[in-house]
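Here is a friendly walk through one fold, taking the sheet before the helices. Have the sequence and the model open side by side as you read.

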Amino acid sequence: SKSGGRVVDSFNLMPSWIRQMIMIDNESIVELDFKALHPNIAKSIYGGSDTHISHDDVANDLNIPINKVKIEHLSFFNKTPFLMKLSPLYAYYQTREPIMLEYIIIHKQENDYKITSKMLFKKEVEIMTAIIKQLNALNIYVLYVYDALYCKESDKSIVVEIMNRTIKNMGINTYVG
């Protein structure tokens with residue numbers, strides 16, 4: 001419950017280079033994940049513009065390397081309001097998503113600062129559960145790692161289609177990329 005219901009198991013804890021060697025039915029697997037899922041979930045929960053937040057756009061806007069943006073996005077929503085303000089991402093959200101940022105800070109001040117991450121994780125689990133149920137109904141079985149699914153190469157197109165349709169139906173402006 002501390003992680004919003006996220007599943008943690010030996011598969012998602014193993015190094016990614018080992019995961020890449022796993023096969024399903026003697027077939028290579030592919031990783032499919034959503035682009036900047038948590039920032040876009042945050043917009044759906046806390047309100048914001050209808051635009052898609054991407055790591056590329058944030059990096060270009062702030063003129064910082066994309067790897068720095070990706071790493072900072074992993075912790076930005078789990079920080080105290082004070083530490084959020086020290087983050088290089090703060091300027092982006094203050095300019096581009098001020099309503100969302102204001103509501104996040106108010107919510108953190110009224111609750112524990114970790115409330116935002118818990119809500120993002122909870123929504124992530126809801127999304128992935130809905131996707132996996134649809135895939136299982138089609139006899140497509142996947143491996144789950146937080147905001148990504150691993151599937152057989154031959155199932156890739158149907159998995160991408162269901163992931164994109166589900167995320168859109170849940171009102172979150174992102175996609176598998």
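Two strands pair if DSSP finds at least two bridges between them. With that in mind, look at Leu32, whose bridge partner in β4 is Leu149. Please keep in mind throughout that this is a predicted model.

**The sheet**

Leu32 and Leu149 belong to the pairing of β2 with β4, which is antiparallel and has 5 bridges. Zooming out, the open sheet is made of 4 strands with antiparallel pairing, and their order is β1-β2-β4-β3. At the edges are β1 (23-24) and β3 (143-145), each of which pairs on one side only.

The edge strand β1 runs antiparallel to β2 (residues 27-33), and 2 bridges join them. Here Ile24 stands opposite Glu27 in β2. The hairpin of β1 and β2 has 2 residues between the strands, and Asp25 in this hairpin takes a positive phi near 50°.

At the other edge, β3 pairs with β4 (residues 148-152) over 3 bridges, again in the antiparallel sense. Leu143 finds its bridge partner in β4 at Tyr150.

The three pairings can be set side by side:

| Strand pair | Bridges | A bridge pair |
|---|---|---|
| β1 and β2 | 2 bridges | Ile24 and Glu27 |
| β2 and β4 | 5 bridges | Leu32 and Leu149 |
| β3 and β4 | 3 bridges | Leu143 and Tyr150 |

**The helix across the sheet**

Which helix lies across β3 and β4? That is α9, running at about 20° to β4. Helix α9 holds Glu124, and this residue is buried, with a relative accessible area of 0%. From Glu124 to Ser154 there are 30 residues in sequence and 25 Å in space, C-alpha to C-alpha.

**Where α8 meets α9**

Two packed helices are described by the angle between their axes and the distance between the axes. For α8 (residues 98-110) and α9 (residues 115-137), the axes cross at roughly 115° and come within 8 Å. The two helices are therefore roughly perpendicular to each other. On the α8 side, the contact involves Ile104, His107 and Lys108, which meet Ile115, Thr116 and Met119 in α9. By class, the residues of this contact are 3 nonpolar, 2 polar and 1 charged.

**Two helices and their cover**

How many of the 10 residues of α3 are buried? The count is 8, so α3 (residues 37-46) is mostly covered, with buried meaning under 20% relative accessible area. The buried residues are Leu37, His38, Pro39, Asn40, Ile41, Ala42, Lys43 and Tyr46. What covers them includes α5, α7, α8, α9 and α10 (156-169). After α3 comes Gly47, with a positive phi near 85°.

In helix α4 (residues 55-62), the buried residues are His55, Val58 and Ala59. They sit on the same side of α4 because they cover an arc of only 100° around the axis. The cover over these residues includes α5 (66-76) and α7 (90-96). Just after α4, Asn63 has a positive phi of about 55°.

How values were computed:
Residues are numbered from 1 along each chain as its sequence is written. This is a predicted model: local features need pLDDT of at least 70, side-chain atom pairs count only at pLDDT 80 or more; totals for chains, interfaces and linings use all residues. Side-chain values use heavy atoms; hydrogens and water are left out. Axes are lines fitted to C-alpha atoms, for helices over the stretch in contact, and angles run from 0 to 180 degrees between N-to-C directions. Angles under 35 degrees count as roughly parallel, over 145 as roughly antiparallel, 65 to 115 as roughly perpendicular and the rest as oblique. Contact means heavy atoms within 4.5 Å. Ala, Val, Leu, Ile, Met, Phe, Trp, Tyr, Cys and Pro count as nonpolar, Asp, Glu, Lys and Arg as charged, and the others, Gly among them, as polar. Buried means under 20% relative accessible area, exposed over 50%, partly exposed in between (1.4 Å probe, protein chains only). The arc is that of the directions from the helix axis to the C-beta atoms.
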